[in-house]
Amino acid sequence: MYNFTCHCRQLTYGYIGQPACCYSCHCTDCQRASGSAFTTNMIVDHADISLVGGTASELCYLHNDEQLQVTCCPCCGTDLYLFFTNRPSTATILTGAFLQQHWFRPVAHIWTDSAVSWLSLDDELPCFAKQPAWEDLADLWAFQFDKKR
Ligand SMILES: [Zn+2]
Ligand SMILES: [Zn+2]
C-alpha cells in the first residue's frame, strides 16, 4: 500500500491498486489550485483509496459545469484527491502527496499550451497542447508497462 498525506500530516490515505494513468497537467486550473507550475495527477479507482488516519474536509464546487468534490485537510488545506460527483467511481490523486514517490512515472505532459515559459520539458515524454483523448493517455500508460516486461 502507498500512503499519501497532507502537509501537516494529520490526514493520511492509503492507495492499493492499478492506476489507470498518471500525467502532468499544465492547465491553468491545476496551476491555480496547486499554487505551482503544474500538477502530476494519478487516475485511479475511487474504491482503491482508503482512509488511514485523520479527519478530512470535503469541498464541492463547480468545475466546467460539473460538480467536483475535493478531499482536503481541514487543518492545513492540502488537497489530496478529487472526483467528479457524476463519475464517482474514478478519482484523481494529487501525487505530490505520496510519501513514496518512486513507484510511478507520469507518461505525458498535457495542456502544455499554458505551461509556464521558464519550464523546459526535455524529459522526452509526449506533450499535448490541450486535453488529449482519454484513449491516448491510457495507451501511453499501458505502453509504459509493456516496456518493463
Ligand atoms: Zn493537514
Ligand atoms: Zn489540469
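How many bridges join strand 6 to strand 7, and in which sense do the two run? The close-ups below, taken from a predicted model, start with that pair.

**View 1. Strand 6 meets strand 7 in the sheet.** The answer is 7 bridges, with strand 6 and strand 7 (residues 66–72) running antiparallel. For a landmark, pick out Glu58, whose bridge partner in strand 7 is Thr71. Zoom out a little and you get an open sheet of 8 strands with mixed pairing, in the order 6-7-8-9-4-3-10-11. Strand 6 (57–63) sits at an edge of this sheet, as does strand 11 (127–128), and each of these pairs on one side only.

**View 2. Strand 9 and its two partners.** Here strand 9 is mostly covered, with 4 of its 5 residues buried. Strand 4 is joined to strand 9 by 5 bridges, and these two run antiparallel; look for Asn41 standing opposite Leu94 of strand 9. Strand 8 also pairs with strand 9 in the antiparallel sense, over 2 bridges. Tyr81 has Ile93 in strand 9 as its bridge partner. Follow the chain between strand 8 and strand 9 and you trace a hairpin with 5 residues between them.

**View 3. Inside the largest nonpolar core.** This core counts 26 residues, and those with the most contacts inside it are Phe4, Cys21, Cys22, Tyr23, Cys25, Leu80 and Ile93. Several elements chip in at least two residues each, among them strand 2 (12–15), strand 8 (79–84) and helix 2 (134–148). Strand 3 gives the largest share, 4 residues. It's a familiar theme: in soluble globular proteins, nonpolar side chains tend to be buried together.

**View 4. Who touches Cys22?** Leaving aside residues up to four places away in sequence, Cys22 touches Thr40, Asn41, Met42, Thr95, Phe104, Pro106, Val107 and Trp141. Keep in mind that Cys22 is also one of the residues with the most contacts inside the core of View 3.

**View 5. Strand 2 between strand 1 and strand 5.** Strand 2 shows two faces: Tyr13 and Tyr15 on the covered one, Thr12 and Gly14 on the uncovered one. That fits the usual pattern, in which the side chains of a regular strand alternate between the two faces of the sheet. Strand 1 (residues 2–5) pairs with strand 2 in the antiparallel sense over 4 bridges, and Phe4 has Tyr13 as its bridge partner. The hairpin of these two strands has 6 residues between them, where Arg9 takes a positive phi near 75°. Strand 5 (residues 49–53) is likewise antiparallel to strand 2, joined by 4 bridges, with Thr12 opposite Gly53.

Conventions. Residues are numbered from 1 along each chain as its sequence is written. Chains are lettered from A and ligands numbered from 1 in the order in which they are written. This is a predicted model: local features need pLDDT of at least 70, side-chain atom pairs count only at pLDDT 80 or more; totals for chains, interfaces and linings use all residues. A nonpolar core is a set of buried Ala, Val, Leu, Ile, Met, Phe, Trp, Tyr and Cys residues joined through C-beta atoms within 7 Å. A residue is buried if 20 or more other C-beta atoms lie within 10 Å of its own, exposed if 12 or fewer, and partly exposed in between; C-beta atoms are placed from the backbone. Two residues are in contact if their C-beta atoms, placed from the backbone, lie within 7 Å. Two strands pair if DSSP finds at least two bridges between them.
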